[in-house]
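Walk through this model one piece at a time. The route starts with a hairpin, moves to a sheet, and then turns to the contacts between chains.

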4 protein chains.
Amino acid sequence: MTQKRANMDEQKEQNLSPDAVKQWWESAITDIAPGAIRVRGYAIEELIGRISFPAMIWLVLRGELPTHRQAELFGAVLVAGVDHGPQAPSIAIARMAMTCGIGLNGAIASGVNVLGDVHGGAGQQCMELLADIASRESKATTPDAALRAGLEEFHAKHGRFIPGFGHRFHGIDPRAARLSELIREAARDGIISGRYLAIGEGVQRALALGKAKPPPMNVDGITAVMLLEFGFPPELARGVFVLSRSVGICAHAYEQAQKGERIKGPIPPQFGFRYTGAPPRKLPDELP
Amino acid sequence: MTQKRANMDEQKEQNLSPDAVKQWWESAITDIAPGAIRVRGYAIEELIGRISFPAMIWLVLRGELPTHRQAELFGAVLVAGVDHGPQAPSIAIARMAMTCGIGLNGAIASGVNVLGDVHGGAGQQCMELLADIASRESKATTPDAALRAGLEEFHAKHGRFIPGFGHRFHGIDPRAARLSELIREAARDGIISGRYLAIGEGVQRALALGKAKPPPMNVDGITAVMLLEFGFPPELARGVFVLSRSVGICAHAYEQAQKGERIKGPIPPQFGFRYTGAPPRKLPDELP
Amino acid sequence: MTQKRANMDEQKEQNLSPDAVKQWWESAITDIAPGAIRVRGYAIEELIGRISFPAMIWLVLRGELPTHRQAELFGAVLVAGVDHGPQAPSIAIARMAMTCGIGLNGAIASGVNVLGDVHGGAGQQCMELLADIASRESKATTPDAALRAGLEEFHAKHGRFIPGFGHRFHGIDPRAARLSELIREAARDGIISGRYLAIGEGVQRALALGKAKPPPMNVDGITAVMLLEFGFPPELARGVFVLSRSVGICAHAYEQAQKGERIKGPIPPQFGFRYTGAPPRKLPDELP
Amino acid sequence: MTQKRANMDEQKEQNLSPDAVKQWWESAITDIAPGAIRVRGYAIEELIGRISFPAMIWLVLRGELPTHRQAELFGAVLVAGVDHGPQAPSIAIARMAMTCGIGLNGAIASGVNVLGDVHGGAGQQCMELLADIASRESKATTPDAALRAGLEEFHAKHGRFIPGFGHRFHGIDPRAARLSELIREAARDGIISGRYLAIGEGVQRALALGKAKPPPMNVDGITAVMLLEFGFPPELARGVFVLSRSVGICAHAYEQAQKGERIKGPIPPQFGFRYTGAPPRKLPDELP
């Protein structure tokens with residue numbers, strides 16, 4: 001056997017080692033051993049009953065504990081997104097799912113699954129925009145120039161609509177107004193730097209120019225500001241929204257289950273639907 | 001037109017009324033109007049920043065606010081279930097999903113979806129058992145007779161395994177031990193009646209009879225006791241676990257995404273798998 | 001080191017062997033090697049272009065090729081279940097999902113997920129009933145006694161409703177009528193034994209007794225008969241329905257995507273919904 | 001009441017009309033009425049038993065029947081993608097899901113859900129590239145210039161990797177080789193124009209330039225060519241793959257269910273995983 005061949009065999013053997021398997025699933029989140037569970041280094045029995053659920057979410061997602069005020073503000077964000085009535089697609093889907101003979105977990109999954117780019121992505125997109133503007137500030141001549149450059153590129157890439165501003169249903173979104181108060185308070189108290197709040201307000205001013213009805217920052221916009229101030233990466237905005245909205249999805253699925261309906265469609269069946277396709281026709285005697 | 005026919009037409013018209021549509025989606029959870037969102041009657045802007053996230057979850061699921069201590073204990077339950085490492089199927093699925101080019105919402109959905117009867121149902125099943133034993137107590141001669149009758153029927157229906165007791169990995173589950181402390185404290189303080197705690201301990205004693213290694217109450221069992229003490233219906237146990245475990249699923253999916261792997265299988269590909277099927281064979285010249 | 005300890009170490013080492021990993025994922029369906037894919041023993045390149053898609057589905061699910069006539073009849077079953085309009089929950093869900101910014105795969109998944117016990121389980125339940133009656137025939141004095149005993153137990157366990165008979169929308173289901181013709185033809189030609197067809201018809205007669213409007217066998221019932229005649233296990237009935245209905249779900253999701261709607265709810269938003277919950281109320285100054 | 005106000009009221013009333021509801025769910029795919037189901041205009045009872053399942057899929061997705069040869073070739077594509085062993089993430093996920101106490105529909109959904117941009121999107125992306133090159137041909141001086149311009153833009157947008165060419169596991173993909181034969185035959189027989197086949201081969205030549213191991217067209221690439229020749233829009237490539245791979249997902253989920261394992265993780269549990277996070281640490285006495 002040549003040396004080279006021997007080396008290759010050794011390498012191959014190593015690749016089939018138990019370590020290769022262990023490493024395939026490596027993770028920095030939770031360590032477990034019989035009788036022991038440590039989350040981000042902390043024994044689970046120390047965390048239970050001492051830190052709040054929002055603080056735990058923060059710890060698990062980020063790796064370090066938030067301060068008390070950070071956890072409170074983060075909790076406010078989680079409270080704000082919980083529900084918006086039975087006709088949001090994610091909710092309506094979970095309700096219909098629950099009448100089809102699947103478990104609560106399945107109904108929640110079918111609903112959470114649709115919190116995609118359009119229904120659940122505004123926060124992430126808004127964070128990306130605000131972070132992009134922030135990253136331009138050091139190079140731009142003025143903050144305003146950075147803002148305009150960021151907005152221009154965003155419009156060029158994604159079209160007219162700026163995520164995080166305006167709401168198709170609410171003129172003024174009561175969630176946004178309240179979160180806005182809390183964030184301003186936090187800025188005054190030095191809990192957050194206020195940098196991203198300033199950028200968000202700059203975007204709002206820019207969008208208002210020459211408009212009779214300027215689109216105000218909505219709940220996704222304010223949340224984006226808050227999560228950026230806290231150092232969250234944009235990708236986690238969707239995760240945070242999923243965790244919050246799952247609560248409403250779960251409650252609606254459960255409420256629906258209590259009604260005992262079976263195979264619930266989107267509208268009362270007597271309405272029917274408009275068929276717009278080919279008129280009645282016969283299969284040719286000889287298929288093509 | 002006969003009167004009967006006229007009545008039927010009227011009835012049909014009513015069935016196609018806007019009210020029939022509104023009623024199809026009726027709900028008691030959240031009311032919305034332009035500029036207003038009320039959850040279980042409370043304006044969302046009053047809730048944000050004043051009640052904790054666990055209190056909000058309780059309110060949305062149950063319809064009424066918990067007391068401060070109830071919310072704290074409920075929060076402890078939510079903290080306890082967050083994660084158990086990367087190899088729980090729900091977590092491993094979300095990690096693999098994240099390498100296939102779908103969003104964080106989709107990865108979480110694929111994971112949450114499998115928190116079914118076996119992977120996420122123990123809490124609900126344990127609640128059903130304990131509630132069944134409780135309902136037998138008024139009719140039975142002694143609490144012990146109710147307990148034995150309940151266990152017997154459970155075994156007859158579902159087999160040997162009693163959900164909520166024992167753990168295939170942990171001898172003593174550190175989450176159960178800590179939650180157990182909290183619940184005992186709550187019973188001492190009169191926060192809970194202790195009725196279901198007593199039943200749970202009774203089941204534990206019954207399971208220990210004649211065993212060298214009696215299966216202790218696990219995290220699902222203690223959670224079942226706590227949720228029953230709080231008046232939750234058994235079906236919501238699975239929902240509460242979904243809300244808690246979603247946090248770990250989200251964190252793992254995000255951690256995985258940072259690694260940049262593509263189409264991650266369950267084991268390193270060099271291991272392969274054992275094929276146990278038909279040996280190589282040729283299609284017959286003439287198909288059957 | 002004692003012998004026993006040495007044995008244990010050896011055993012443990014073996015458990016961490018590459019073979020333990022390979023075996024964890026063992027399967028009898030498809031074997032792969034670089035440049036080679038064999039499905040149930042047949043080289044994929046021999047199957048492509050020679051056997052029909054229904055024959056392939058049968059092969060993959062069952063392990064052996066069907067005859068030509070079996071594949072044709074199985075194909076007819078797959079054709080029959082493809083779609084039932086946009087308001088079946090599985091379809092409506094996929095359509096709504098598609099407006100939320102997720103991929104076609106995700107929309108199909110949210111739809112397929114709800115083909116559960118109630119929306120997609122009738123075929124499996126009907127197969128279980130018919131197979132149960134068949135298994136009673138050898139012990140019962142007459143086929144009729146077996147049938148009555150089977151029905152009685154089914155009613156006792158599952159209530160009044162017999163899956164596979166009657167349709168809430170169609171008086172006579174055109175799919176059932178046509179499949180019924182095909183199955184009768186197959187029985188005449190000796191392609192199937194006709195045993196389960198006879199049992200199905202027996203159930204239909206039993207359900208008709210004393211009824212003005214007897215519930216005829218529906219598409220799930222006829223499909224159940226056909227799959228039993230072909231030797232499918234009941235659990236696969238749901239799988240076969242999923243494969244068939246996925247086609248309609250896919251087509252509807254794609255049709256919806258072409259419309260360009262965003263965040264489509266179940267009804268036009270101007271209708272709203274009826275809120276039936278707590279009236280407006282204020283948070284107490286002092287939280288409980 | 002002014003005329004304008006009256007008009008608005010009328011308009012609003014119309015918006016709440018039954019027609020507004022019917023229109024919300026309009027569709028050109030399937031029309032249903034009691035006792036009647038028409039798919040793309042054809043009565044379902046005429047389709048069942050007369051057209052093949054692939055022809056039905058084509059009809060439902062596209063609106064018109066394929067010719068016999070088109071249906072055969074389309075069937076070959078569907079046969080080709082059915083399975084690739086138990087360790088593809090979509091399959092492994094469905095197998096693990098099946099051990100967690102959810103239905104076959106749920107396991108299939110969790111698997112199908114991950115056939116996203118990376119795991120199931122290559123066909124669509126390849127179709128977009130080839131269609132883009134085709135659309136450049138009328139404007140470019142030579143077909144080769146169109147091809148180079150298309151590739152350049154694709155590389156600029158999406159990086160080095162061209163979907164539809166090369167395979168990380170198979171040197172030569174046996175599915176691609178066989179489908180390639182069938183498509184060449186179809187081009188000779190005039191069933192397809194061969195235009196996209198030529199473009200695909202052009203891309204293959206361009207990718208081979210100066211490479212010792214040129215990446216051959218893989219199964220996604222050949223499928224992309226075939227679907228373009230048949231006039232499918234790129235978005236449906238993913239749908240077609242989902243319909244094909246669902247068969248393997250279903251078979252694996254069912255095979256797994258027969259084993260009776262519970263809560264199956266991705267690797268044998270004795271291997272464990274490598275924890276790479278924070279070392280054990282204690283919560284500070286005073287939380288931050």
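Start with a pair of strands in chain C of this predicted model. Strands β1(C) and β2(C), the latter covering residues 36-39, run antiparallel and are joined by 4 bridges. Ala33(C) sits opposite Ala36(C) of β2(C). The hairpin leaves 2 residues between its strands, and Gly35(C) adopts a positive phi near 80° there.

Now look along β1(C), residues 30-33. Which side chains of this strand are buried? Thr30(C) and Ile32(C) are, and they point to one face. Asp31(C) and Ala33(C) point to the other face and are not buried. In a regular strand, side chains alternate between the two faces of the sheet.

Chain B lets us follow the sheet further. There, 3 strands make an open, antiparallel sheet in the order β1-β2-β3. Its edge strands are β1 and β3 of chain B, each pairing on one side only. Strand β2(B), residues 36-39, is joined to β3(B) by 2 bridges, again with antiparallel strands. Within that pairing, Val39(B) has Tyr42(B) of β3(B) as its bridge partner.

Next comes the relation between chains B and C. A 180° rotation, with 0.0 Å of shift along its axis, superposes chain B on chain C at an RMSD of 0.0 Å. The two copies are therefore related as by a two-fold rotation axis. Which C-alpha of chain B is nearest the axis? That of Gly106(B), at 3.6 Å. The same surface serves both copies, since 100% of the contact residues of chain B recur in chain C.

How much of each chain takes part? Chain B contributes 50 residues to the contact, and chain C contributes 50 residues. Together they bury about 4,400 Å², with 57% of it on carbon and sulfur atoms. Three residues stand out on the chain B side. Arg274(B), Arg281(B) and Leu283(B) supply 18% of the area that chain B buries against chain C, more than any other three residues.

The charged and polar pairs come next. The interface of chain B and chain C holds 4 salt bridges. One of them links Lys282(C) to Glu46(B), with the closest N and O atoms 3.3 Å apart. Across this interface, 23 residue pairs are in polar contact. Several elements of chain B each supply at least two residues to the side that touches chain C, among them α2 (18-24), β1 (30-33), β3 (42-43) and α3 (44-47). Of the elements in chain B, α2(B) gives the most to that side, with 5 residues.

Chain D meets chain C as well. A turn of 180° and a shift of 0.0 Å along the axis lay chain D on chain C with an RMSD of 0.1 Å. Here the C-alpha of chain D nearest the axis belongs to Ala109(D), 2.2 Å from it. The copies meet through the same surface, because 100% of the interface residues of chain D are also interface residues in chain C.

This contact brings 90 residues of chain D against 90 residues of chain C. The buried area is about 7,500 Å², and carbon and sulfur atoms give 74% of it. Which residues of chain D lose the most area to chain C? They are Trp24(D), Trp25(D) and Phe53(D), together 12% of what that side buries.

Between chain D and chain C there are 2 salt bridges. In one, the side chains of Lys259(C) and Glu26(D) meet at 3.5 Å, N to O. Polar contacts here number 26 residue pairs. Helix α13 of chain D, residues 235-259, gives the largest share of the side that touches chain C, 16 residues.

Finish with a single residue in chain A. Where does Pro233(A) lie? It occupies the loop between α12 (219-229) and α13 (235-259) of chain A. Is Pro233(A) buried or exposed? Its relative accessibility is 19%, so Pro233(A) counts as buried; the cut-off is under 20%. Setting aside neighbours within four places in sequence, Pro233(A) is in contact with Met127(A) and with Tyr254(B). For scale, Pro233(A) and Leu197(A) are 36 residues apart in sequence and 16 Å apart in space, C-alpha to C-alpha.

Conventions
Residues numbered from 1 in each chain as written. Chains lettered and ligands numbered in written order. Predicted model: local features only at pLDDT ≥ 70, side-chain atom pairs only at ≥ 80, totals over all residues. Heavy atoms only, no water. Buried < 20%, exposed > 50% of the residue type's maximum accessible area, 1.4 Å probe, protein only. Pairing = 2+ DSSP bridges. Least-squares fit on C-alpha atoms with pLDDT ≥ 70 in both. Contact = heavy atoms within 4.5 Å. Buried area = accessible area lost by both parts, 1.4 Å probe. Polar contact = N/O pair within 3.5 Å; in protein donor to acceptor, adjacent residues only side chain to side chain.
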